[in-house]
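Morning, everyone. I have one chain to show you today, and I will keep it short. Please look at the screen.

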Amino acid sequence: MADQPDDGGVGDDGDVSVVLDTRSKTKRPPLYKVMILNDDYTPMEFVVMVLERFFGMTHAQAFELMLTVHKKGVAVVGVFSHEIAETKVAQVMDFARRHQHPLQCTMEKE
């Protein structure tokens with residue numbers, strides 16, 4: 001038997017096992033809309049300040065969005081991953097409470 005060539009693990013019938021490299025596609029995490037709700041007590045200037053401070057808007061962008069909130073009752077201020085949306089909502093709500101304003105900020109799945 002020492003004079004038989006090494007067949008590399010291939011049997012006499014020629015079967016060769018093939019390993020397929022399968023990659024599972026990772027799904028993008030769901031995104032969440034962060035929304036600011038209108039109320040009759042929070043000053044418009046405060047809403048503009050919140051939009052500039054927590055959402056990185058220019059004064060003009062923040063003013064425009066604040067008017068949308070004022071006229072329509074609600075506006076989407078950004079779309080983020082769950083963790084970021086949750087953090088932004090908490091920051092805005094905490095900031096509003098500390099300044100004694102009833103401003104509401106919520107999030108919902110896009």
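I will start with the whole chain and then turn to one helix. Keep in mind that this is a predicted model.

First, the overview. The chain has three helices and three strands. Read from the N terminus, the order is β-α-α-β-α-β. There are 110 residues, and 27% of them are buried. Now the contacts. Take those between residues at least 6 apart in sequence: 71% of them join residues at least 24 apart. As for surface, the chain exposes about 8300 Å². Carbon and sulfur atoms supply 52% of that area.

Now helix H2, residues 59-72. Does its length fit or clash with its residue count? It has 14 residues, and at 1.5 Å a residue they should span 20 Å. The end C-alpha atoms are 20 Å apart, so the two agree.

Which residues of H2 are buried? Ala 62, Leu 65, Met 66 and Val 69. These four cover an arc of only 105° around the axis, so they sit on the same side of H2. The background is simple: an α-helix has 3.6 residues a turn, so residues three or four places apart point the same way.

What do the buried residues of H2 pack against? Three elements: strand E1 (31-37), helix H1 (44-55) and strand E2 (74-81).

Now flip to the face of H2 turned away from the buried side. There you find exposed residues Ala 60, Glu 64, Lys 71 and Lys 72.

Last stop: Gly 73, just after H2. Gly 73 takes a positive phi of about 95°.

That is my tour. Over to you.

Key
Residues numbered from 1 in each chain as written. Predicted model: local features only at pLDDT ≥ 70, side-chain atom pairs only at ≥ 80, totals over all residues. Heavy atoms only, no water. Helix = DSSP H or I, 4+ residues; strand = E, 2+ residues; numbered from the N terminus. Expected span 1.5 Å × (residues − 1). Buried < 20%, exposed > 50% of the residue type's maximum accessible area, 1.4 Å probe, protein only. Arc of directions from axis to C-beta. Contact = heavy atoms within 4.5 Å. Areas by Shrake-Rupley, 256 points an atom, 1.4 Å probe, with all protein chains shown as cover.
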